[in-house]
Amino acid sequence: MTTTHRRVGPGRLLGTLTGLAALLLGFGAASAGAVDSAASTNASPQAGASEEYKVLVVGKTLGFRHSHIDETTNAVIDMGEESGFTVDVWDPPNSSGGWWGPGSPGQPGLTMSSTPFTSAENLSKYATILFASPVDNTNNLNPATPRLLNDSELAAFQGYMRSGGGYVGLHAATDTMHSVPWYSKLSGGGARFVNHPAQQTATMRVEDPTHPSTEHLPLEWVRFDEWYNFTTNPRDDVRVLLTLDESTYSGGRMGADHPIAWCHNFEGGRSWYEGAGHVDASYSDPVFLEHLKGGIEWTAGKVSGGGDCVTFTEVAGLLAASDDGSVRSEKLAAQLEERLAAAEAAADAGDRDAALHALQTARGKANGLVGGAEVASKIADLIEWQTGLRAAGM
């Protein structure tokens, strides 16, 4: 497989200056080699390549409380000790009881004393924020139902993501803030939890083995878990990483195309979601934990690979924004749209050579646009993705 899996550094200019200074001072250029000149434009600004970073785990629950929240929290804390990050926890006890019981016990021995969602600036200390099934009972879409994040907390979170923050959603992270369309788009292209059958064994199939969170997985990953059905298929807006094979279990409601894990770049930040992880045993399973670690590190901007979850939809949006109204720009944009559509159709059909040919042509044309450098960079990410899939025989 030719997938790159690289540490993300502060950028080409810093690498050049660091290398030059080291050479002139006689200290050698080794320190400059650690700086990756191909750093993603969506990498979280909080996360340097070698420094320790911080992760926030959100387990606050206003509805049914998943037992795995405690297991997830402790597993991520242990992971951080081994992998170079520290963890803050927001999971206060509360009395928001209902059909599920008398309220949430939270994690009083670990939780912060007050909400960290006070401002985007305060949240910027975190390289990524992990939502560990923080259900809030907003399924009825009633705007009067208390949400996980109130208006001011939500505004802080939005500012954080738009400033290059990271988001990791686990399992019932799609079963919170149903009444906030922005959050549903962040967590998965508008897909929200709708129901699930009884817990059982099923097969997840790796659709994209080029991502840092999936490159270690078996192409057919058999697991016992609780398998979600969603309100919509998010494929048009996200990079699907794993799908569920509904022929291997009972109760699937999405048909032959049932995404269960995905990632995407969203409003300047990075989002990664895994729908499995209900059972407590997930958080002592080395394979699942390595998968989760890849999601944490990618959203934190610590690792990069497989085209960094860039999608055809993302590039199309940038292309539309690059039209300055001139005849030349309109003509060039139309040509690019045609090439991208051809590439997407070929990619959907599994014809990697045709997809790559169309993308190479599109990348060459993109430089003539206003803002074309960013479009060309994103097309290069699509090329990396398709090249990786071809190398994997997919």
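**A disulfide, a mixed sheet and two cores**

Let me start with two cysteines: Cys 263 and Cys 309 are both buried, meaning under 20% relative accessible area with a 1.4 Å probe, protein chains only, where over 50% is exposed and in between is partly exposed. What we have here is a predicted model, in which local features need pLDDT of at least 70 and side-chain atom pairs count only at pLDDT 80 or more, while totals for chains, interfaces and linings use all residues. Residues are numbered from 1 along each chain as its sequence is written, and side-chain values use heavy atoms, leaving out hydrogens and water.

On confidence, the protein chain has a mean pLDDT of 89, and 87% of its residues reach 70 or more; pLDDT is the predictor's confidence in each residue, from 0 to 100. Over residues 1-49 pLDDT stays under 50, and the model has 92 contacts beyond four places in sequence for them, contact being heavy atoms within 4.5 Å.

Back to the cysteines. The structure holds 1 disulfide, defined as cysteine sulfur atoms within 2.5 Å. It joins Cys 263 to Cys 309, with S to S at 1.9 Å. The angle about the S-S bond is -90°, a left-handed link. Distant parts of the chain are linked here: Cys 263 sits in strand β11 and Cys 309 in the loop between β13 and α8, 46 residues apart. Helices (H or I, at least four residues) and strands (E, at least two) are DSSP runs, numbered from the N terminus.

Cys 309 has a second feature: its phi is positive, about 65°, although it is not a glycine. Its relative accessibility is 0%. Ser 133 also has a positive phi, near 55°. Ser 133 lies in the loop between β4 (128-132) and α5 (151-162), and its relative accessible area is 0%, so it counts as buried.

Now the sheet. Which order do the 9 strands take? The order is β3-β2-β4-β5-β12-β11-β10-β7-β8, in an open sheet with mixed pairing; strands pair if DSSP finds at least two bridges between them. β3 (85-90) and β8 (220-225) each have a single partner strand, so one side of each lacks a neighbour in the sheet. On average, neighbouring strands are turned by 20° against each other, direction ignored. β5 (residues 166-170) and β12 (residues 269-274) run parallel and are joined by 5 bridges, with Gly 166 opposite Arg 270.

Two helices lie across the sheet strands. Helix α3 (residues 68-83) lies across β2 (53-58), β3, β4 and β5, at about 160° to β3. Helix α7 (residues 286-299) lies across eight strands, including β8, β10 (239-245) and β12, and runs at about 165° to β12. Axes are lines fitted to C-alpha atoms, for helices over the stretch in contact, with angles from 0 to 180 degrees between N-to-C directions.

In the edge strand β8 we find Arg 223, which is buried at 7% relative accessible area. Its C-alpha atom is 5.7 Å from that of Ala 202, 21 residues away along the chain. Beyond four places in sequence, Arg 223 touches residues including Gln 200, Asp 285 and Phe 288.

Last, the cores. The largest nonpolar core has 72 residues; among those touching the most other members are Phe 117, Phe 131 and Phe 157. A core is a set of buried Ala, Val, Leu, Ile, Met, Phe, Trp, Tyr and Cys residues joined through side-chain atoms within 4.5 Å. A second, separate core of 25 residues includes Phe 312, Leu 332, Ala 346 and Trp 385.
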